[in-house]
Amino acid sequence: KLGQFRDAHPAIGAGIHQMITESPYVFYRSYTNGNFKDLVVVGLELPKGKKSIEVSEVFEDGTVLHDAYSNQVVTVTNGKVELNSEFDMVLLEQQ
């Protein structure tokens with residue numbers, strides 16, 4: 001899953017890295033080339049089950065995101081997305 005996400009998002013390899021939270025480790029990567037813009041949020045070492053991810057630095061309320069790790073679609077509300085998955089990682093991309 002990680003390799004496919006990296007292949008689909010130049011921000012992972014060539015983008016600028018910005019930490020959102022240190023623990024759990026959540027960061028975003030952004031890449032711009034001319035009119036092309038790629039933004040992703042990655043969360044590592046997250047709790048399994050319910051999780052709330054702060055994304056207000058990257059995405060506006062109402063933005064629909066896809067978690068490529070759990071294959072869930074979520075909407076940004078109050079600067080956050082809420083997920084429930086068995087995984088300790090999220091890979092968020094704009095839908």
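**Figure 1. Strands β5 and β6 pair in the antiparallel sense.** This is a close-up of a predicted model. Strand β5 covers residues 64-67, and strand β6 covers residues 72-75. Four bridges link the two strands. Two of the partners can be picked out by name. H66 has V73 as its bridge partner in β6. V64 has T75 as its bridge partner in β6. Together, β5 and β6 make a hairpin, with four residues between the strands. Look for N71 in the turn. The phi of N71 is positive, at about 60°.

**Figure 2. Six strands form an open sheet.** Follow the strands across the sheet in the order β1-β2-β3-β8-β5-β6. The pairing is antiparallel. The edge strands are β1, at residues 16-21, and β6. Each of these edge strands pairs on one side only. From one strand to the next, the twist averages 25°.

**Figure 3. The largest nonpolar core holds 17 residues.** Which residues have the most contacts inside this core? They are V41, I53, V55, F59, V81 and L92. Several strands supply the core. β2 (25-33), β3 (36-44), β7 (80-85) and β8 (90-94) each give two or more residues to it. A second, separate core has eight residues. I12, F27, V40 and V42 are among them.

**Figure 4. I53 touches residues from distant places in the sequence.** Neighbours up to four places away in sequence are not counted here. The contacts of I53 include V26, V41 and L46. I53 also touches G79, K80, V81 and L83. V90 and L92 complete the list. I53 is also one of the residues with the most contacts inside the largest nonpolar core.

**Figure 5. Y25 and F27 form a tilted aromatic pair.** The structure holds three aromatic pairs, and this view shows one of them. The ring centres of Y25 and F27 are 5.2 Å apart, and the planes meet at 40°, so the pair is tilted. A pair of aromatic rings is described by the distance of the centres and the angle of the planes. Are the two residues buried or exposed? Y25 has 25% relative accessibility, so it counts as partly exposed. F27 has 9% relative accessibility, so it counts as buried.

**Figure 6. K1 lies over the face of Y69.** The view sets a lysine against an aromatic ring. The distance from K1 to the ring centre of Y69 is 4.9 Å.

**Figure 7. The peptide bond from S23 to P24 is cis.** Its omega is near 0°. Where does P24 lie? P24 is in the loop between β1 and β2. Most residues other than glycine have a negative phi, and most peptide bonds are trans.

**Figure 8. E45 and N78 have positive phi values.** Neither residue is a glycine. The phi of E45 is near 55°. E45 sits in the loop between β3 and β4, and β4 covers residues 49-54. E45 has a relative accessible area of 66%, so this residue is exposed. For N78, phi is about 55°. N78 lies in the loop between β6 and β7. At 65% relative accessibility, N78 also counts as exposed.

**Figure 9. L44 in strand β3 is partly exposed.** Its relative accessibility is 26%. What does L44 touch, leaving out residues up to four places away in sequence? The contacts are P24, Y25, F27, D88 and M89. Two of these residues, Y25 and F27, form the tilted aromatic pair. P24 is the residue at the cis peptide bond from S23. Now compare L44 with N84. The two are 40 residues apart in sequence. In space, they are 15 Å apart, C-alpha to C-alpha.

**Figure 10. S85 in strand β7 is buried.** The relative accessible area of S85 is 7%. Buried means under 20%, so S85 meets the cut-off. Which residues does S85 contact, leaving aside neighbours within four places in sequence? S85 is in contact with K48, G49 and K51. S70 and Q72 are also in contact with S85.

Key. Residues are numbered from 1 along each chain as its sequence is written. This is a predicted model: local features need pLDDT of at least 70, side-chain atom pairs count only at pLDDT 80 or more; totals for chains, interfaces and linings use all residues. Side-chain values use heavy atoms; hydrogens and water are left out. Rings of Phe, Tyr and Trp (its six-membered ring) pair if their centres lie within 6.5 Å; planes under 30 degrees apart count as stacked, over 60 as edge-to-face and the rest as tilted. Buried means under 20% relative accessible area, exposed over 50%, partly exposed in between (1.4 Å probe, protein chains only). A charge sits over a ring if NZ of Lys or CZ of Arg is within 6 Å of the ring centre and within 35 degrees of the ring normal. Two strands pair if DSSP finds at least two bridges between them. A nonpolar core is a set of buried Ala, Val, Leu, Ile, Met, Phe, Trp, Tyr and Cys residues joined through side-chain atoms within 4.5 Å. Contact means heavy atoms within 4.5 Å. Axes are lines fitted to C-alpha atoms, for helices over the stretch in contact, and angles run from 0 to 180 degrees between N-to-C directions.
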